[in-house]
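User: I'd like a close look at one part of this model, with its surroundings brought in where they help. Keep it relaxed, but give me the cut-offs as you go.

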Amino acid sequence: MNSTARYSGLQALPCVWMRGGTSKAAFFHAADLPADPASRDRLLLAAMDGSDLRQIDGIGGAHPLTTKIAIISPSSRDDADIDYLFGQLVIGANRIDYAPTCGNILAGVAPFALEEGLLPCADGETRVRIHMVNTQSLCEAVLPTPGGKVSYQGTTRISGVPGSAAAIELRFADVAGSSCGALYPTGQAQDVVNGVPVTCIDNGMPVVLLRAADLGISGYESPAELDAHDSFKQQLEAIRLAIGPRMGLGDVSHRVVPKMTLIAAPIAGGAIHTRTFIPKKCHDAIGVLGAASVATACVDPATVAAGLAVLAGGEAVSVEHPSGEFTIRLTPQGDAAPAVALIRTARPLFRGEVLLPRG
């Protein structure tokens, strides 16, 4: 029996659930959604269940890393092939935040576009130019397509994901100031907020770096330990709320940016050790573009990372996080912010329809 006959009392919304990097998202074609943003969001919130922390009445994963949305369409820009609009569902608040983009979910955009027939596959490898609508910036994704088909099998391993898969290279050249208008949004490499030295930086993601020791902690605590530390989290959020307007982000009390990242000396051979909040829950790893901003701060001796970062030379900067490390390649661009490149993996998990009440 087909789904239309069996579930005729419900409306069906096509969806592909995909892992991108260390996150998961529901991928939708923009053409399948209402053009009106308010109507679109009502439909997506019903699909994911935005009101309940368990997301028991939707397909959301009950965690910020697994309740994300990607809206994909052919691009109208001459310099891009695909438009990618990212939405972070704010669990329990019944709303979607479109302020940031997501570099992990970005890894799934090119495979989705190729598998769904939005672009042709080349034989060998395919390059897909992606317009990140949230930040109006560009990324080139390069992925293996032997015989003109997307390959998901490979030997690449990334921290936080079991097993191995095919490598997807993401190349960024123009992401500095993508959300805040400048690499250092406050106009300087260091500020003092509520008595704590910070570096505010945006090389793809607005991030506030803080030395963990300046907040009375080591920076090596587990995410669970930090999530349970209420007085520390209140101090961190007070700094975030205070610095948000100075970064050009306005009132950030209901936004998921800037990300707050604690830094400490590396302990596993990397350049820096981190704990990132997204924004009020400690990340089990670190976001793609958040890691790019952290790595960029590490190579500038004027930031709060000075004296902690251990640089091995060359373009690779290894950012340690709770579940491993993330290597960012920074290529100098003269006086401009360095270009960013990195490796992720992705794969589709299921393709089908989300069933929703009509009306």
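Analyst: Two strands pair if DSSP finds at least two bridges between them. The strands (E, at least two residues) and helices (H or I, at least four) are DSSP runs, numbered from the N terminus. Before we dig in: this is a predicted model, where local features need pLDDT of at least 70 and side-chain atom pairs count only at pLDDT 80 or more, while totals for chains, interfaces and linings use all residues. Residues are numbered from 1 along each chain as its sequence is written, and side-chain values use heavy atoms, with hydrogens and water left out.

Let's take β1 as our part. β1 spans 10-20, and five antiparallel bridges pair it with β2, residues 23-29. One spot to look at is Val-16, which stands opposite Phe-27 in β2. The β1–β2 hairpin has two residues between its strands, and there Gly-21 takes a positive phi near 60°. β1 also runs antiparallel to β17 (residues 346-357), joined to that strand by 11 bridges. Gly-20, for instance, has Ala-346 as its bridge partner in β17.

Now step back to the loop between α1 (3-6) and β1, where Tyr-7 sits. Tyr-7 counts as partly exposed because its relative accessibility is 34%; buried means under 20%, exposed over 50%, and partly exposed in between, with a 1.4 Å probe and protein chains only. Tyr-7 joins Leu-10 and Leu-355 in a nonpolar surface patch of about 220 Å². Patch members have over 30% relative accessible area and no salt bridge, with nonpolar side chains (Val, Leu, Ile, Met, Phe, Trp, Tyr) joined within 5 Å and like charges within 9 Å. The areas themselves come from the Shrake-Rupley method.

What about the interior? Phe-27, the residue facing Val-16, is among the residues that touch the most other members of the largest nonpolar core, a set of 82. Tyr-84, Leu-106, Leu-170, Phe-172, Leu-210 and Leu-262 share that distinction. The largest share of this core, eight residues, is supplied by helix α7 (residues 288-298). A second, separate core has 20 residues, including Leu-13 and Val-354. A core here means buried Ala, Val, Leu, Ile, Met, Phe, Trp, Tyr and Cys residues joined through side-chain atoms within 4.5 Å. As for α7, 11 of its 11 residues are buried, so the helix is largely enclosed by the rest of the structure.

Phe-172 also leads us to the charged side chains, since strand β8 covers residues 168-172. A salt bridge needs a side-chain nitrogen of Lys or Arg within 4 Å of a carboxyl oxygen of Asp or Glu, and the count by that rule is 16. Glu-140 in β7 meets Arg-171 in a salt bridge at 3.2 Å, N to O. That pair links distant parts of the chain, with Arg-171 in β8, 31 residues apart from Glu-140. Glu-140 also meets Arg-127, at 3.5 Å. Glu-140 counts as partly exposed at 23% relative accessibility, and so does Arg-171 at 29% and Arg-127 at 44%. Shared partners join these three with Glu-125, Glu-169, Glu-315 and Arg-329 into one network.

Definitions and conventions:
Accessible areas come from the Shrake-Rupley method with a 1.4 Å probe; for residues, only the protein chains shown count as cover.
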